[in-house]
Amino acid sequence: GTGSIVLQSNTGPSITSRLTFEYLAPGNVSLVTPATGTFGTIVSIVGTGLLGGGQNASSVTLANVEAQSIISSNETLIVVAAGASSATTLGQVVITANTAAVVTSEPAFAYASEPVVDAVSPPYGHGGTLVTINGTNLFANGTSLVEVSLAGVSASIVSSSPTQVVVVANQSVAMTGNVLLVANTGGKAVGINAWEYRAPGNIIAVSPASGQGGTEVIIFGSSLRG
């Protein structure tokens, strides 16, 4: 409802404003989807009055874990990327608006076991190297992968399952970095500094430069075996 604003001092006098304040209906979360996820999972929160009359959401927690990012927010739909958590218990979704209004759901989201990259073989190479990534829950509770990168460079996916992914490395300068798998849910599996791009192979000389069947040819260069 709507009513006057009254200030009461500790000495007794009161001030009543000609301005009014309106109490809005409490916000309500009606759906959280998906209801489980891991680091990076894109989560949609559906309801009414989610911003409590504010302009945007300033904070969202999923099962007591701050969301990694707030992608979009309005009174009926908020989309976030889940943060990281080792806990797997069901918890509330709590939305705080830029006005400090708070909307809290019933227990509605649980973190699944985080994806783990156990091994990358070989752990180094250059463009064209076939790389096998082994681990657990590599789909991050999703059904497929949408991207794999080696040291920040997108790789071509040959095959994938929740426990093994095979990719072909693309060309890059020499460097070391993370192996990153992104699932169709937005969930991520990360192997920290698990891949090294080595300098591309280079042929500097062929001797002899001509011959016929049976000729023994010597090839000189660097990183010729990748």
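Student: What is the relative accessible area of Arg-198, and which exposure class does that give?

Tutor: Good place to start; note that this is a predicted model, where local features need pLDDT of at least 70, side-chain atom pairs count only at pLDDT 80 or more, and totals for chains, interfaces and linings use all residues. Residues are numbered from 1 along each chain as its sequence is written, and side-chain values use heavy atoms, leaving out hydrogens and water. Buried means under 20% relative accessible area and exposed over 50%, with partly exposed in between (1.4 Å probe, protein chains only). Arg-198 has 37%, so the class is partly exposed.

Student: Which residue forms a salt bridge with Arg-198?

Tutor: The structure holds one salt bridge, meaning a side-chain nitrogen of Lys or Arg within 4 Å of a carboxyl oxygen of Asp or Glu. The partner of Arg-198 is itself partly exposed, because its relative accessibility is 31%. The closest N and O atoms are 3.7 Å apart, and the partner is Glu-196.

Student: Which element gives the most to the largest nonpolar core?

Tutor: A nonpolar core is a set of buried Ala, Val, Leu, Ile, Met, Phe, Trp, Tyr and Cys residues joined through side-chain atoms within 4.5 Å. The largest one has 23 residues, and Ile-133, Leu-150, Leu-181 and Trp-195 touch the most other members. Two or more residues each come from β14 (116-121), β16 (130-136), β17 (145-150), β20 (164-168), β21 (175-183) and β22 (188-197), where strands (E, at least two residues) and helices (H or I, at least four) are DSSP runs numbered from the N terminus. With four residues, the element that gives the most is β22.

Student: How many residues does the second core hold?

Tutor: This second core is separate from the largest one. Ile-78, Val-80, Ala-108 and Tyr-111 are included in this set, and the count of its residues is 21.

Student: How much accessible area does the nonpolar surface patch have in total?

Tutor: Patches are made of residues with over 30% relative accessible area and no salt bridge, with like charges joined within 9 Å and nonpolar side chains (Val, Leu, Ile, Met, Phe, Trp, Tyr) within 5 Å. Here β1 (2-8) and β2 (14-22) each supply at least two residues, and β2 gives the most, with three. Areas come from the Shrake-Rupley method with a 1.4 Å probe, and for residues only the protein chains shown count as cover. Together, Ile-5, Leu-7, Ile-15, Leu-19, Phe-21 and Tyr-23 have about 660 Å².

Student: Is Ile-15 buried or exposed?

Tutor: Ile-15 has its place in strand β2. Its relative accessibility is 56%, so Ile-15 counts as exposed.

Student: What is the volume of the largest pocket?

Tutor: On a 1 Å grid over the protein atoms alone, a pocket is an open set of points where a 1.4 Å probe fits, with protein on both sides within 12 Å along at least five of seven lines; lining residues have an atom within 4 Å of a point. Phe-21, Glu-22, Tyr-23, Leu-24, Ala-25, Pro-26, Gly-27, Gly-52, Ala-101, Val-102 and Val-103 form the lining, to which β2 and β12 (102-104) give two or more residues. Grid points are joined across faces, edges and corners, and the volume is the space filled by probe spheres set on the points. For the largest pocket that is about 200 Å³.

Student: Which residue is joined to Pro-208 by a cis peptide bond?

Tutor: Pro-208 sits in the loop between β23 (202-207) and β24 (218-222). Another cis bond joins Thr-33 and Pro-34, with omega about -5°, and Pro-34 is in the loop between β3 (28-33) and β4 (36-37). For Pro-208, omega is near -10° and the residue before the bond is Ser-207.

Student: What is the phi of Asn-64?

Tutor: Most residues other than glycine have a negative phi. Asn-64 lies in the loop between β6 (57-62) and β7 (65-66) and counts as exposed because its relative accessibility is 76%. Asn-141, in the loop between β16 and β17, has a positive phi of about 70°. The phi of Asn-64 is positive too, near 70°.

Student: How far apart are the C-alpha atoms of Ala-87 and Ser-113?

Tutor: Ala-87 is in the loop between β9 (77-81) and β10 (90-91). Along the chain, Ala-87 and Ser-113 are 26 residues apart, while their C-alpha atoms are separated by 8.0 Å.
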